[in-house]
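Trainee: I would like to learn how to read a helix and its surroundings from coordinates. Where should I begin?

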Amino acid sequence: MKGEYYLRYYLQLMRVHHYIKNILIFLPLVFSGNLFNVKLFKYTIGGFFAFSILSSIVYIINDIQDVDKDRMHSKKCNRPIAAGKISVKSAYFLSIIILFLGCVLNYIICKNNLIAWSVIFLYLILNFAYSIKLKNIPLLDITILVSGFFLRVLYGAIITNINVSNWLYLTIIFMSFYLALGKRRNELSQEGNETRTVLKYYTHSFLDKNMYMCLALTIVFYSLWCVSPINIERDINNNFAFTVPLVMLICMKYSLNIEGNSDGDPVSVILGDKILIAIILFYTIIILLLIY
């Protein structure tokens with residue numbers, strides 16, 4: 001029982017529930033029509049776990065760096081290090097173990113694919129720099145958050161050797177900007193700038209305007225992807241266009257949530273709303289039926 005008690009805190013420190021973000025690694029496989037390609041599916045599954053494990057290091061280092069500010073935060077004070085459940089020394093030791101395991105798994109998947117390794121290490125370097133210093137620089141902090149989503153899709157494309165439409169990349173990028181700006185918006189609303197230095201540079205007006213600009217561009221780029229030549233060649237162009245209203249509905253439900261009392265964290269917003277989850281699952285089913 002005691003072991004399970006401590007395991008829960010270590011899993012919380014690793015942010016296992018944030019692994020849902022790494023589903024983006026599957027996008028190239030799914031949208032290319034190769035979901036049932038066993039070889040590529042194995043690569044993607046392996047890449048998902050490798051990226052997930054390595055991304056946990058980022059969360060651990062971030063919690064170590066932010067421990068003092070987290071203790072002043074209404075919710076983050078419950079994080080394992082801030083709450084005193086896990087020591088800083090133990091957190092560093094865990095990050096070393098995770099780094100070794102993640103690299104071993106990534107080698108099994110990627111072997112000597114230097115581009116795949118470069119994407120992984122670029123993700124780690126950017127996020128380490130974010131945790132240490134760059135999170136305090138306005139706009140750059142948001143851009144680094146966005147890069148994490150983009151690099152996940154790029155990594156999935158590289159390990160499967162699948163070309164991804166530029167329209168789809170742009171859709172992911174601008175949706176990520178929308179999510180990141182929404183996160184900052186709600187942090188500013190709920191905690192002010194006491195627990196995150198960069199918030200003193202943002203205003204509600206700035207964040208709101210740019211959030212919805214990015215959301216509009218997301219819909220535009222997704223619509224262009226739906227009618228792109230690659231989909232026309234696969235003879236699913238006309239049907240794909242009808243998924244645009246469904247994507248708009250998902251975005252509107254998400255916006256409704258972050259306009260409320262949400263802390264703006266994308267994972268918390270999605271997992272905390274059963275209706276939003278249901279709409280996303282319905283969209284996923286429709287997409288799979290259209291493609292396969």
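Mentor: Begin with the length of one helix. In this predicted model, helix α14 covers residues 274-291, 18 residues in total. From its first C-alpha to its last it reaches 26 Å, close to the 26 Å expected at 1.5 Å a residue.

Trainee: Which residues of α14 are buried?

Mentor: Burial is judged by relative accessible area, with buried meaning under 20% and exposed over 50%. In α14 the buried residues are Leu276, Ile279, Tyr283, Ile287 and Ile291. Viewed down the helix axis, the buried residues of α14 fall within an arc of 100°, so they line one face. Lys274, Ile275 and Leu289, on the other side of α14, are exposed.

Trainee: What is found at the start of α14?

Mentor: Look there for a side-chain oxygen and a backbone nitrogen. Asp273 places a side-chain oxygen within 2.9 Å of the backbone nitrogen of Ile275.

Trainee: Where is Ser165, and is Ser165 buried or exposed?

Mentor: Ser165 sits in the loop between α7 (140-160) and α8 (166-191). Its relative accessible area is 16%, and the cut-off for buried is under 20%, so Ser165 counts as buried. The Ser165 side chain also reaches the backbone nitrogen of Trp167, at 3.1 Å.

Trainee: Back to the buried side of α14. Which residues touch the most other members of the largest nonpolar core?

Mentor: To read a core, see which members touch the most others. The largest nonpolar core has 44 residues, and those that touch the most other members are Phe31, Tyr178, Tyr222, Trp225, Tyr254, Tyr283 and Ile287. At least two residues of this core come from each of α2 (27-31), α7, α8, α9 (204-226), α12 (244-258) and α14. Apart from it lies another core, of 38 residues, including Phe48, Ile57, Ile64 and Ile86.

Trainee: Which residues is Tyr283 in contact with, leaving aside its neighbours within four places in sequence?

Mentor: The contacts of Tyr283 are then Phe31, Tyr222, Thr243, Leu246, Val247 and Ile250.

Trainee: How many helices and strands does the protein chain have?

Mentor: The protein chain has 14 helices and zero strands. For the overall fold, compare the radius of gyration with the globule rule. A compact globule of 292 residues would have a value near 19 Å, and the protein chain has 19 Å, so the two agree. The C-alpha trace spans about 55 × 45 × 35 Å along its principal axes, and 49% of the 292 residues count as buried. Among contacts with a separation of 6 or more, 72% join residues 24 or more positions apart.

Key:
Residues numbered from 1 in each chain as written. Predicted model: local features only at pLDDT ≥ 70, side-chain atom pairs only at ≥ 80, totals over all residues. Heavy atoms only, no water. Helix = DSSP H or I, 4+ residues; strand = E, 2+ residues; numbered from the N terminus. Expected span 1.5 Å × (residues − 1). Buried < 20%, exposed > 50% of the residue type's maximum accessible area, 1.4 Å probe, protein only. Arc of directions from axis to C-beta. Polar contact = N/O pair within 3.5 Å; in protein donor to acceptor, adjacent residues only side chain to side chain. Core = buried A, V, L, I, M, F, W, Y, C linked by side-chain atoms within 4.5 Å. Contact = heavy atoms within 4.5 Å. Rg over C-alpha atoms; globule rule 2.2 N^0.38 Å.
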